[in-house]
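This report describes a ligand site and one helix. The sequence and the structure are shown first.

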Amino acid sequence: MLHNNLSINEKGNLAISGFDTVELANKYGTPLYVLDTDYVLNSCLKYKNLIEKYFGEGSKPLFASKALSCMEIYRIAKKAGIGIDVVSGGEIYTANKAGFPMENAYFHGNNKTDADIKFALDSGVGCFVVDNLDELAALQKETSARGVTVRAMLRVSPGIDPHTHKAVVTGSVDSKFGVAIETGQAMETVKALLACDNIQFEGLHCHIGSQIFDYNPFAEAADIMIRFIADVKKETGVTVSALNLGGGFGVKYTDEDADFDYEKVLSDIASSLEKACADCGVSRPRIYFEPGRSMVAAAGLTLYTVGSFKTITGYKSYVSIDGGLPDNPRYALYQSKYTCLIANKAGEEKTIRATVAGRCCESGDLIQEDVALQPCKRGDVLAVLVTGAYNYSMASNYNRLPRPAMVGVGEEGDRIIIRRESYDDIVKNDI
Ligand code: LLP
């Protein structure tokens with residue numbers, strides 16, 4: 001099937017990591033997020049080994065936890081011995097509570113408030129990824145008031161168009177993130193950072209966007225960053241010892257997506273780095289990557305119960321499910337493609353086409369339009385594949401729908417890792 005943790009079992013049901021999804025739906029109810037935790041651990045370890053292989057000791061992956069933030073994920077990252085990227089007080093709190101070693105947390109964001117900065121320092125966050133001069137001044141003020149020193153990287157915009165959805169492009173010059181090389185503001189901010197007494201310069205960061213299938217923009221970004229590192233050396237005499245090249249590697253959501261070879265992209269980037277370093281006469285820095293989607297997307301799927309199948313004569317057919325935009329807003333936001341199937345008829349042929357609609361009171365609440373499916377009826381279990389990234393983490397309570405539970409499957413069996421929200425949870429902050 002689409003990914004190698006998926007299969008069809010002897011009952012003709014969809015299975016993930018060998019667990020029958022229809023049994024999971026019956027046992028835990030729907031809508032239900034399912035996460036193959038062994039897959040997540042293996043992808044952390046795979047990245048860790050490949051990054052060490054191609055970029056040497058000290059190079060490492062940092063899981064971009066905006067893709068999926070919950071305590072179990074940070075426990076897996078800790079077990080794998082990798083770092084994390086966190087973007088808010090909430091992610092910091094969750095990681096800390098899960099016992100993650102916070103010195104290996106990298107704090108991102110284009111607007112860290114004073115409260116965020118204080119909370120991150122209180123929580124022992126190891127490294128700030130500074131976005132701009134205002135943030136740098138605020139960080140210097142707080143660290144000097146406390147008499148502490150913190151590590152920082154600077155987010156630089158390399159000026160690259162990676163050909164992906166415009167909502168997830170981040171490395172172009174006109175971007176809300178970071179400081180641009182092209183305008184001279186990156187160099188200006190490096191100098192300001194080096195002049196801060198309480199901030200220890202760890203290196204530079206860039207991230208060009210997400211769900212990118214073309215390998216070239218990654219190699220190009222690496223080349224641009226090494227040339228900038230050479231300029232920094234020339235202008236300040238400082239050798240940049242670490243370079244974070246962000247995340248963004250593509251993931252296969254449907255059979256139409258290309259296969260993405262993670263080892264090949266890393267080896268291409270390594271060659272580009274070697275060449276740029278030789279050209280510019282700088283030594284290769286430690287390299288960090290921040291994969292989010294490619295670590296967890298294929299580890300997840302979502303199960304729903306079909307409520308109705310309705311054909312509008314002369315138009316099209318709708319399958320209504322008991323979840324939708326609140327648990328997966330990605331089609332509504334980006335028209336993202338997904339593979340859908342009827343989990344209890346997974347072995348049967350997909351002979352119809354239908355639009356999978358959520359249960360919210362708005363027409364845009366769709367999971368997928370005009371998708372191939374097995375014929376289905378009320379009570380069937382509909383699975384949406386590859387929902388491990390940016391689904392739970394982007395979920396809302398629109399229409400006061402409780403967020404689904406997440407069940408982990410893997411070596412430890414099947415167990416709840418995030419409880420289903422109750423109606424009491426929904427009103428808990430109402431006065
Ligand atoms: N590092 C930084 C600084 C980022 O901003 C991101 C993603 C990543 C790493 C991880 O990128 P990934 O490997 O997951 O592509 N909500 C959108 C995706 C937004 C990505 C935001 N930044 C979606 O559902 O497609």
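## Ligand site and helix α2

Among the 20 residues around the ligand, those that come nearest are S210, E290, R293, R330 and Y390; a residue is near when one of its heavy atoms lies within 4 Å of the molecule. The model is predicted, with local features needing pLDDT of at least 70 and side-chain atom pairs pLDDT 80 or more, while totals for chains, interfaces and linings use all residues. Residues are numbered from 1 along each chain as its sequence is written, and side-chain values use heavy atoms, without hydrogens and water.

By class, the shell around the ligand holds 6 nonpolar, 8 polar and 6 charged residues. At least three residues of this shell come from each of domain 1 (6-36 + 298-427) and domain 2 (108-291).

Distances from protein N or O atoms to an oxygen atom of the ligand are as follows.

| Residue | Part of residue | Distance |
|---|---|---|
| S210 | side chain | 2.4 Å |
| Y390 | side chain | 2.6 Å |
| G248 | backbone | 2.9 Å |

The ligand taken alone exposes 590 Å², of which the protein buries 90% (Shrake-Rupley method, 1.4 Å probe).

Helix α2 covers residues 37-55, a DSSP run of H or I with at least four residues. Its 19 residues should span 27 Å at 1.5 Å a residue, counting one less than their number, and this agrees with the model because the end C-alpha atoms are 27 Å apart. At the start of α2, a side-chain oxygen of D36 comes within 3.2 Å of the backbone nitrogen of D38. Buried residues of α2 (under 20% relative accessible area, 1.4 Å probe, protein chains only) include V40, L41, Y47 and F55. After α2 comes G56, with a positive phi near 85 degrees.

Key. A polar contact is a pair of N or O atoms within 3.5 Å; within protein, one must be able to donate a hydrogen and the other to accept it, and residues adjacent in sequence count only if both atoms are side-chain atoms. Ala, Val, Leu, Ile, Met, Phe, Trp, Tyr, Cys and Pro count as nonpolar, Asp, Glu, Lys and Arg as charged, and the others, Gly among them, as polar. Domain bounds come from an automatic or database domain assignment. Helices (H or I, at least four residues) and strands (E, at least two) are DSSP runs, numbered from the N terminus. Buried means under 20% relative accessible area, exposed over 50%, partly exposed in between (1.4 Å probe, protein chains only).
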